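Reader: Please take one part of this model and go through it closely. I would like the second largest pocket, followed by the helix packing.

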Amino acid sequence: MKQGNVSAIATYLTQSGKRRIFRCRTCATQFSETRETVFFDLRTAEDQVMMALKMLLVRVDLTGICFVLGVTEETVLAWLMRAAHQAEVINRHLLRDLPVTQVQLDEMWNFIARKHACETDATGESLPASEDGRQWIWISFAPEFRLMIAAIVGPRTLDTAKEVVATTKARVAGVPAFFSDGFTCYLAALIAAFHVVTTFVRTGKRGRPRQPRCEPHPDLIYGQLVKQKQRGKLLTLSTRVVLGAERLTHLGLTISTALVERVNLTLRQALAPLTRKTASFCKDRERLRQRVVFFQAFYNVARPHMSLRQPLPLHERTRHGAIRPRWRERTPTMAAGVTDHVWTFRELLTAKFEP
């Protein structure tokens with residue numbers, strides 16, 4: 001791409017207008033303008049597809065979308081699957097080596113098919129392979145950029161905690177500070193991802209030699225915000241430094257999970273299956289995962305965040321009709337230095353990257 005090796009050779013008409021056909025001079029391959037995008041080989045107009053996907057992000061249930069647009073549920077779910085795949089590509093290419101200093105971790109309760117699974121473990125949680133019951137949306141969040149680093153759907157187990165921390169580690173640079181609630185599995189997951197192995201020299205004496213020992217990374221900081229509740233009401237709130245107390249004091253960071261809790265509210269306000277006491281819950285875990293991943297990409301690159309906006313200089317405040325803008329809108333990826341503009345919704349669905 002952008003090497004002078006691709007040229008347009010023809011055009012064709014679709015319901016959404018004229019589209020171009022390109023040819024690569026290196027490999028002599030011809031391909032459509034919409035290849036490897038959400039709109040490739042679709043018979044429906046692009047505006048209708050974008051309308052359906054936008055409605056999925058503003059808490060409209062699947063039945064309502066089908067009624068408004070006159071399509072079937074299977075069609076909308078097929079579009080959602082394409083959009084989720086595109087979102088995974090965006091996350092894989094953009095969320096790399098993020099200059100993050102702290103990460104807030106949290107999990108949000110939800111369910112698929114029914115609230116109580118047919119098969120549960122000793123704590124009442126759904127089994128990893130179960131198709132119903134409790135499910136949790138795990139979020140790792142960078143508060144300084146308001147960036148959603150990872151969003152994973154799974155049971156509230158140690159394996160899912162390790163998956164969240166491992167995904168976060170692959171997308172950040174260095175060892176940031178981690179803050180969470182009092183959930184015990186986070187400590188084991190953090191040590192599994194950020195650790196050093198200490199080996200011991202053989203002494204030559206009788207007996208079994210000492211085995212290598214896995215210890216937390218010396219730069220790892222982990223703090224907990226412990227909440228004690230009784231009958232759904234908050235009684236006490238206390239902080240606990242689990243790892244890296246000296247480095248935490250040196251950096252001057254505050255143990256908090258307030259911003260990731262606010263993201264949980266944003267998710268519940270945006271996705272219909274996450275609304276409390278709803279009849280629009282997902283019947284399949286994969287469908288719930290697709291919605292969460294698609295919203296993550298939209299939230300990071302195409303949804304301006306009010307707390308990230310910057311004041312415009314006076315000479316740039318040109319009037320557009322009756323409105324004179326005072327702020328420059330920014331998205332979380334713009335704040336992190338990954339993108340340089342607010343993506344349009346069509347750009348979100350058609351972005352392409354180098355292999």
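Author: In this predicted model, the second largest pocket has a volume of about 420 Å³. Its lining is made up of 17 residues, and those closest to the centre of the pocket are Asp106, Glu107, Asp181, Lys229 and Glu261. Three elements each give two or more residues to this lining: strand E4 (102-112), strand E10 (221-230) and helix H7 (258-270). Sorted by class, the lining of the second largest pocket holds nine charged residues, six nonpolar ones and two polar ones.

Next, the helix packing. Two packed helices are described by the angle between their axes and the distance between the axes. Helix H4, residues 158-171, packs with helix H5, residues 185-193, at an angle of about 45°, and the axes of the two are 8 Å apart. H4 is therefore oblique to H5. The crossing of H4 and H5 is right-handed. On the H4 side, the contact is made by Leu158, Ala161, Lys162, Val165 and Lys169. H5 contributes Cys185, Ala188, Ala189, Leu190, Ala192 and Ala193. By class, nine residues in the contact of H4 with H5 are nonpolar and two are charged, with no polar residues.

A second helix pair is H2 (residues 62-69) and H3 (residues 73-94), which pack at an angle of about 110° with their axes 9 Å apart. Because angles of 65 to 115 degrees count as roughly perpendicular, H2 is roughly perpendicular to H3. From H2, the residues in contact are Leu62, Thr63, Ile65 and Cys66, and they meet Glu73, Val76 and Leu77 in H3. The contact of H2 with H3 comprises five nonpolar residues, one polar and one charged.

Notes:
Residues numbered from 1 in each chain as written. Predicted model: local features only at pLDDT ≥ 70, side-chain atom pairs only at ≥ 80, totals over all residues. Heavy atoms only, no water. Axes fitted to C-alpha atoms, helices over the stretch in contact; angles between N-to-C directions. Helix = DSSP H or I, 4+ residues; strand = E, 2+ residues; numbered from the N terminus. Parallel < 35°, antiparallel > 145°, perpendicular 65-115°, else oblique. Left-handed = near helix turned anticlockwise from the far one by under 90°. Contact = heavy atoms within 4.5 Å. Nonpolar A, V, L, I, M, F, W, Y, C, P; charged D, E, K, R; others polar. 1 Å grid on protein atoms, 1.4 Å probe; cavity = no way out; pocket = protein on both sides within 12 Å on 5 of 7 lines; lining within 4 Å. Points joined across faces, edges and corners; volume = space filled by probe spheres on them.
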